[in-house]
Amino acid sequence: MSETAAALSRVKPRAGSVAAHTLLVAAALVLAGPFVWEFLTSFKSLTEVAQVPPTILPQEWLGSNYTAVFQALPFGIMFFNTTVNALARTGAQLLLCSMAAFGFARINFPGRKILFALFLSVLLVPSQLLVIPQYEIIQSLGMLNRLPALFLPGMFSAFGTFLLRQFFLSLPAELEEAARLDGANPWRIYWSIMLPLARPGLMALGILTLLWSWNDLLWPLIVTTDTRKTTLSVGLASLQGQYATNYPVLMAGSLIATLPVIIAFILMQKQVIEGIAFTGSKA
Amino acid sequence: MRNRLLALGLAIVVAAVAGCSSGTQSSSSQSSGQGEKVTLTYGIWDKNQVPAMKKIASAFTESQPNVSVSVQVTPFDSYFTKLQAAATGGQAPDVFWLNGPNFQLYASNGVLQEVKVDAANYPAPLVNLYQFNGKQYGVPKDFDTIGLWYNKKLFDAAKVDYPTADWKWADVQAAAKKLTDPDKGVFGIGAPPAGQENFYNTVFQAGGFVISPDGKRSGYDDPKTIAGLKFWTDLVQAHYSPSMQQMTDTLPLQMFEAGKLAMLYSGSWNATEFAKNTNTKNSVDVAQLPAGDKKATVIHGLGNVVFAKGPHTAEAAAFAEFLGSKQAADIQASTGTVIPAFNGTQQAWVQAFPQYHLQNFLDEVSYAVPFPISKNTAVWNGYETDELTKAWSGSESVEQAAQNLAAKMNEALAKESK
Amino acid sequence: MHGTTEQTGVLQRTGAGQVAEVRRRRPGRFRRQNLLWALLFIGPTAVGLAVFYIWPALRTFYFSFTTWGAFGNYEWSGLANYQELLKDSEVRTAFVNTFWFTILGLLGIPISLVLAAMLSRRGRKGVSAYRTLMFLPVVTMPAAVAIIWRWLYSGDYGIINFLLAKIGIQGTYWLSNPQTALPAVAAVGIWSTIGYNMVILMAGLQAIPGFYYEAAALDGAGPVRQFLSVTIPLLSPTLFFVTVLSVIGSLQTFDLVYVMIGRTNPALPQTRTVVYLFYQKAFIENDRGYAAAIAFALLVVIIIVTAFQFRLQRRWVHYE
């Protein structure tokens, strides 16, 4: 910002700053407070949470809710499935979408406009429209209830292609022109020149896809029937079905299911937020 | 960084696709010749029964060493959705649990394989429950009846006598009134719109019916049936039971365990649950259901069935029939989780929790009514939920809701016979 | 060859001119070669999308003209599903509920905007910490979010009613009271997306060049005036993006309702969204033909609403 604008912000009395921080603290409390409550409740007994007025700190820090969660559902295996699902989808999309994006952005071929319009039309279709036949395809491939069923459709993305194409289009063309005049074929150009430059875009797409795959509920719910083949989100939903209003166990389950992502987020917050911001600016 | 990232992506894709085609899963089995190793999958929904089921599976493998059984648990609320999908795709477990409401759907669509059952070994209603078109498709596994569970401490505090086998509806209503203490948030009785545990029983006790014996007509517009429903809505309206909203927010079972409900109609299956819970371990007991115009309780039981399109139907049928043997029944009884269906094996269950008068559940069998089902029970069960919830929450009168329900149910039943 | 910005301009012109000339000399050969390369690059994704997205969309369209029985048996039934759909009050209610979710969901955008503006002010302390805390709901699994909020909303034991009681308000059973259930779930939807929208808006705010504010300040505009005449117009493309995403997302609300509202909840009819109804019809009642018709009705609505938003953008979105 310029000096004048900065001066303006300094002109604002401290009262404004206090008001602002009050609002920000309140917002942070509302947005992050429930997690603290979740954490505290997960260590209480069912009897304790049924007390009015509620206690803040647990009278006794029980681990029994956590053992109940692991006894109810194979959370360890679910964690594994969820991780594989997220990584497979993300890895595949990063590779395939960047290739397709490069194709659309930098290769002029007959029918390019029509094909891209077709890709765009996929964006409009809500996923629920596709699940029944997608399920049918997985079934006919004999892959129901197997790990690959979770990520197979998710390896292909029109959104990822669109996002990265926008990004490629914004890159200056002369690097690539130079390489082409040097006799490099498109694959070399893609691999050695465009991809390194595409790092911000790839990170953004990668983060979004990781997050979305990790939290996906509808598709794993439909396509995996065995609790040992399904993901954490489905596990959590069925824990809800089993433990209905036994909140301490439910809180423990929620914490187990979401803690990995929260920790990963806190460690990589800068990249995550940059990535998300990037998608907004490129759209 | 970019190189590594993409290499990682490629590696994962390759590994995944490779994992597609290869890989022995616990459910896969080689083509069975004589004596070749076979692994059967056994689908169940109650994690509490896993130890018992695994014991039975090992006992079976002892007698047939080339067959091993893998027990698969799917939580109940998604069990049937998943099962139908799996059966459609030819991937259902080799042997699995069915309950009454779903049995005819599977039997009538050729999903199940016939089994051999010695009818003399089980209560007749249970054997009949798993027959279709004169053929036996299910092996009775266990049964349950409904009893009046009550909190002794709350009864003592309100100076109300414990329920006896002679209680009638009026006794329940009077007791509920005395036991309700709004200041403490305690209600006399829990009255959720649950069929098996609550209103089916009172409908039968009032002389009404849910579905006609030929399966073509709904009983909900019958005045006696409506009287059976009113028993519960009256309790809710009088505030001797928590409101519909409150019971959605916190389940009656939890309220009972927390000591907020003095009485709760619930199944024999809760004996294990109550015995585990420190609050209810020694402070609750159970009595037979009070009579309306007559005594009645709903009897229901699970059946073990064989998937007709599985790769090893012979071994699967052998396992299913073993599940109905006395040996299997004894194992079930010893864990105390369910009442086995095999005649004469139930005493072990009764003795599993001596602090409760569990014999009451067995005594009820003599006047028990079979669980109401039809070819596509799930459809009108859904209507029951939709319509009766309105009566319970007071947005519609019981009469109106019951009439609407009967109309919808008759429509659905008409579609079944097409 | 790889020059600075100024040189790039020149290079681009001549570079492009040169390449264009080359292309004009031998057009046929290049186009064929290009086609092959295009196939290599776009092929995998195109095939994948065709198999898993385009074919299923067409197939669902076909299914919407069929009636299903149990275990996957179906038969052609023409327009029956669509006729039924138009008469079905459950479907109508589901759309109404979904619209309410969408409208309420939009309320989150002004909140995100205010927070983004406050965090974007120069010299603001603790931006990173605030931003991280506010982003936590976004990275949390919807199922977990739903479970946590069910607990907060609990009528008898939840902390919300307890705090309300302290200031003298009698709380209700938020999630099973037909009048409060939908707003309660919608509030959670807003809660879980505030951080996401805020981050995107912050990026948009930072992209506004400072000299606009300088000029406005020199003209004597105060902070509010600056916000209205500088910030909003220049932020409008980002606001538009956030709004379109929010609407499309809200129209597809499922996860939260599925986990927070159960089958026997008396408030289900007042909260059931179109996608929830779709799931119920397709996977619980196995009425897949009808479900397909519902899904298509939703698609039509999404297209209409999105097209409407794009038309509307000419009125209020300023592009550079």
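**Exercise 1. Find the residues that B:Ala320 touches, and place B:Ala320 in the core of this predicted model.**

*Solution.* Begin with the neighbours: leaving aside residues up to four places away in sequence, B:Ala320 touches B:Val95, B:Val115, B:Val139, B:Asn304, B:Val305 and B:Val306. Next, turn to the largest nonpolar core, which has 300 residues, and in which B:Ala320 is among those with the most contacts, together with B:Ile189, B:Phe319, C:Val199 and C:Ile294. The element that gives the most to this core is helix α5 of chain A, residues 75-106, with 17 residues. As background, nonpolar side chains in soluble globular proteins tend to be buried together.

**Exercise 2. Describe the make-up and the overall dimensions of chain A.**

*Solution.* First take the secondary structure, which comes to 16 helices and 0 strands in chain A. Then consider the extent of the chain: its C-alpha atoms fill a box of roughly 75 × 70 × 30 Å along the principal axes. The radius of gyration of chain A is 24 Å, whereas a compact globule of 283 residues would have a value near 19 Å. As for burial, 53% of the 283 residues in chain A are buried. Finally, if one takes the contacts in chain A between residues at least 6 apart in sequence, 76% of them join residues at least 24 apart.

**Exercise 3. Decide how confident the prediction is along chain A, and where the lowest and highest mean values fall among its elements.**

*Solution.* The average pLDDT of chain A is 85, and 93% of the residues score at least 70. Going through the elements, helix α1 of chain A, residues 3-11, has the lowest mean pLDDT, 53, while α5(A) has the highest, 93. Where pLDDT is low, the predicted coordinates should not be read in detail.

**Exercise 4. Set out how chain A is divided into domains, and work out what the contact between them is made of.**

*Solution.* The domain assignment divides chain A into domain 1 (13-67) and domain 2 (75-282). Taken over C-alpha atoms, the centres of domain 1 of chain A and domain 2 of chain A are separated by 33 Å. In the contact itself, 10 residues of domain 1 of chain A meet 8 residues of domain 2 of chain A. On the domain 1 side, the elements of chain A that give two or more residues are α2, α3 (46-49) and α4 (64-72), and the largest share, 3 residues, comes from α2(A). Sorted by class, this side of domain 1 of chain A has 4 nonpolar, 4 polar and 2 charged residues.

**Exercise 5. Examine the contact of chain A with chain C, and then that of chain C with chain B.**

*Solution.* Between chain A and chain C, 87 residues of chain A are in contact with 89 residues of chain C. Helix α2 of chain A, residues 14-41, gives the most to the chain A side, with 12 residues. By class, that side has 67 nonpolar, 17 polar and 3 charged residues. The contact between chain C and chain B takes 19 residues from chain C and 17 residues from chain B, and the chain C side of it has 7 nonpolar, 9 polar and 3 charged residues.

**Exercise 6. Locate B:His239 and C:Asn286, and state whether each is buried or partly exposed.**

*Solution.* As a starting point, most residues other than glycine have a negative phi. B:His239, however, has a positive phi near 65 degrees, and its place is in the loop between α9 (223-237) and α10 (244-249) of chain B. Because B:His239 has 14 C-beta neighbours inside 10 Å, it counts as partly exposed. C:Asn286 also has a positive phi, of about 55 degrees, although it is not a glycine, and it lies in the loop between α14 (274-284) and α15 (288-316) of chain C. C:Asn286 has 24 other C-beta atoms within 10 Å, so it is buried.

**Exercise 7. Describe the surroundings of C:Phe240.**

*Solution.* C:Phe240 is placed in helix α11 of chain C, residues 223-251. Since it has 19 C-beta neighbours inside 10 Å, C:Phe240 counts as partly exposed, the cut-off for a buried residue being 20 or more. Not counting residues up to four places away in sequence, C:Phe240 touches C:Gln313 and C:Val317. By contrast, the C-alpha atoms of C:Phe240 and C:Ile167, which are 73 residues apart along the chain, are separated by 39 Å.

Key: Residues are numbered from 1 along each chain as its sequence is written. Chains are lettered from A and ligands numbered from 1 in the order in which they are written. This is a predicted model: local features need pLDDT of at least 70, side-chain atom pairs count only at pLDDT 80 or more; totals for chains, interfaces and linings use all residues. Two residues are in contact if their C-beta atoms, placed from the backbone, lie within 7 Å. Ala, Val, Leu, Ile, Met, Phe, Trp, Tyr, Cys and Pro count as nonpolar, Asp, Glu, Lys and Arg as charged, and the others, Gly among them, as polar. A nonpolar core is a set of buried Ala, Val, Leu, Ile, Met, Phe, Trp, Tyr and Cys residues joined through C-beta atoms within 7 Å. A residue is buried if 20 or more other C-beta atoms lie within 10 Å of its own, exposed if 12 or fewer, and partly exposed in between; C-beta atoms are placed from the backbone. Helices (H or I, at least four residues) and strands (E, at least two) are DSSP runs, numbered from the N terminus. The radius of gyration is taken over C-alpha atoms; the globule rule is 2.2 Å times the number of residues to the power 0.38. pLDDT is the predictor's confidence in each residue, from 0 to 100. Domain bounds come from an automatic or database domain assignment.
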